[in-house]
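Here is a friendly walk through one structure, written for someone who would rather think at the bench than at the terminal. Have the viewer open as you read.

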Amino acid sequence: MTDDLASQGPFPLSRDDLLKAYRIMRTIREFEERLHIDFAKGDIPGFVHLYAGEEASAAGIMMHLKDSDRIASTHRGHGHCIAKGVDVHEMMAEIYGRSTGACRGKGGSMHIADLSKGMMGANGILGAGAPLACGAALAAKVRGDGGVGISFVGDGASNQGTFLESLNLAAVWNLPAIFVVENNGYAESTSRNWAVAVDSYIDRASGFGLPGVTVDGTDFFAVYEAAGEIIRRAREGGGPALLECNMVRFFGHFEGDAQTYRAKGEVEAIRASRDCIRMFAERVIEAGVVSRAELEAIDKEATELIEDAVRSAKAAPLPGPADLLTDVYVSY
Amino acid sequence: MARKISMKQAINEALDLEMTRDPSVVVMGEDIVGGTGSPGEDDAWGGVLGVTKGLYAKHGDRLMDTPLSESAYVGAAIGAATCGLRPVAELMFIDFMGVCFDQIFNQAAKFRYMFGGKAETPVVIRAMVGAGFRAAAQHSQMLTPVFTHIPGVKVVCPSNAYDAKGLLIQSIRDNDPVIFCEHKNLYGLECDVPAESYAIPFGEANVLRDGGDVTIVSYGLTVHRAMEAAEALARDRVEAEVVDLRTLSPIDWDTIIDSVERTGRLVVVDEAHPRCSIASDVAAFVGQNAFGALKAGVQMVTAPHVPVPFSPVLEDLYIPNAPSIAEAARRTLSPTGTSPRSIAA
């Protein structure tokens, strides 16, 4: 926060940080919208789960974190990666299965990781990240370095035993662990309202002895403020907490999903009324802190960045046959 | 200075030495302190069979009791390992692996490959294995082949206190995930063990007995049954070479092949079930790589393809014994060299 805080207007972030948050969200959106197009063209192998519509959650939380703080992500991990600082070119190359990818083409969309940035991995197993984030929190606690471990799950994986056990373990061990439920209303196609037996995740958190907070996950500022308080508390030894971000998913569960389970017009409606990036832009422009031209300049840069990432990914070398057999063990 | 201690004490000593040497080593598991939050905390249980007794008094909070939540704490150990700690998680009985298997085979085992070689997961998961404790089907299995099947994890199963200490120290220092299998019926077995620290490298089998007539390969408890069988065979002037694998992944193929090339005969003894077992794995490897040296068909002596029974009379039948191993060795010396075909063989 380099700016004079007096110039920030009504926001708890400096002007520079507002621009940074916008750049993160816009980069995620461009990344995902571009994948949506390129997947349909058949350029991208495998499964791709897009985070578009949910950007305010990743940005609002990750703005509080350092590289030494760890996050354990989900199958819908691109947004978490970008917000945590993973290189966009390496991410795109990974999704294209290239040897220059973040995981040298061995992980793909569902396994992008960069431990040097505190990104412990997207994860193809739903709920599996929660125990891992407890481990990150444990390591921070043993070292006494004030770090935190953050687990992301969707509303679907919030029903996994691993997630529920982790809430209890984190509470019993008083870990600096934070559990973020990104509730976009759907576990693949199954409605959250049907599959989660409680109305509020606050009830679920209190059942395990930890505080819970629910926010509008499309409101960057609501996420930012709630996450800031929870993270500060965890860093100071106050223990774990749960944060529910109610949000919307602009695309299907995965690319190629016809989304026949959604109401007609639902996606168009949420794009029109609950676009977290547009809402953020309107607020900061209206407050006179940031100009429309500044945001449009970021939009343009984000588009160019993604275009360049796609171009370089397509030009990058594929893994060679010898790569099949490497990186299994440190030594064997 | 060597002195006689039990395998249980040797494991305790290895944990103690490594926790003393390296502050990043933490140990966690159900009841391993065995009294956290209870009145008797200072003289706590130290594990369900007392393997970690006394360590809490020395190392305090780096020894952690866990809630009964295998997925959560084994996963936490794995996560912490990627963040710079060297956790040792005790899973009490390997049979409980089913509860937390995802964290082992989809997470720990795959991080390094899936992340393009950029992760290290130096975690040890200790678990009791094996039958003979009258503990029935869910506390007695030898699940080693389940783990040797999975690239990315290492699998260790010592047969004695000396190996247990050196292999556990190596496991803790190793930078890959290790499944450390402790046969519960060997915990009380004593042998000479140096008081100081030492590490036994992985992938080095131990030839316990030299012999030129037949090779008997085994690991864990059944190594001792194989040695009994070798003594019985020696009385009939059949000299068996007994190879204790010690580590199953990696496995010391060279020692197995060298021995078979000299003896021309192989018996593989495995307390696991016969299908896709360590025994069938060794048999297949020798068949593929030393077929020319074989003078008879390879014999497997394994547990039958049934769950571990409770009734002591049945459980004793279940575990491979010395007479059946000796009989298998004699079959390799007979002209036909074949064995009865049965799932209970």
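## A well-connected alanine

Let's start with one residue in this predicted model. Leaving aside residues up to four places away in sequence, B:Ala329 touches B:Val214, B:Ile216, B:Ala229, B:Leu233, B:Val238, B:Ala240 and B:Val267.

B:Ala329 is also among the residues with the most contacts inside the largest nonpolar core, together with A:Cys134, A:Ile178, B:Ile216 and B:Ile325. That core has 216 residues. Both domain 1 (2-194) and domain 2 (206-333) of chain B contribute to this core, so it lies between them. In soluble globular proteins, nonpolar side chains tend to be buried together.

## The sheet and the helix across it

In chain B, an open sheet is built from five strands in the order S9-S11-S10-S13-S14, with mixed pairing. Strand S9 (206-209) and strand S14 (299-302) of chain B are the edges, each pairing on one side only. From one strand to the next, the twist averages 25 degrees.

Which way do S13 and S14 of chain B run relative to each other, parallel or antiparallel? Strand S13 (residues 266-270) and S14(B) run parallel and are joined by four bridges. As an example to look up, B:Asp270 has B:Thr302 in S14(B) as its bridge partner.

Helix H12 (residues 322-333) of chain B lies across strand S10 (214-218), strand S11 (240-244), S13 and S14 of chain B. The helix runs at about 170 degrees to S14(B).

## Where the two domains meet

Chain B is divided into domain 1 (2-194) and domain 2 (206-333), and the C-alpha centres of these domains lie 27 Å apart. Their contact takes 25 residues from domain 1 of chain B and 25 residues from domain 2 of chain B.

On the side of domain 1 of chain B that touches domain 2 of chain B, helix H6 (144-148), strand S6 (154-156) and helix H7 (161-173) of chain B each supply at least two residues. The residues of that side divide into 13 nonpolar, nine polar and three charged.

## Where the two chains meet

How many residues does each chain bring to the contact between chain A and chain B? Chain B gives 34 residues and chain A gives 37 residues.

On the chain B side, the elements giving two or more residues are helix H3 (70-81), helix H4 (97-108) and helix H5 (111-114) of chain B. H3(B) gives the most to this side, with nine residues. The chain B side divides into 16 nonpolar, 13 polar and five charged residues.

Technical notes: Residues numbered from 1 in each chain as written. Chains lettered and ligands numbered in written order. Predicted model: local features only at pLDDT ≥ 70, side-chain atom pairs only at ≥ 80, totals over all residues. Core = buried A, V, L, I, M, F, W, Y, C linked by C-beta atoms within 7 Å. Buried ≥ 20, exposed ≤ 12 C-beta atoms within 10 Å, placed from the backbone. Domains from an automatic or database assignment. Contact = placed C-beta atoms within 7 Å. Pairing = 2+ DSSP bridges. Axes fitted to C-alpha atoms, helices over the stretch in contact; angles between N-to-C directions. Nonpolar A, V, L, I, M, F, W, Y, C, P; charged D, E, K, R; others polar.
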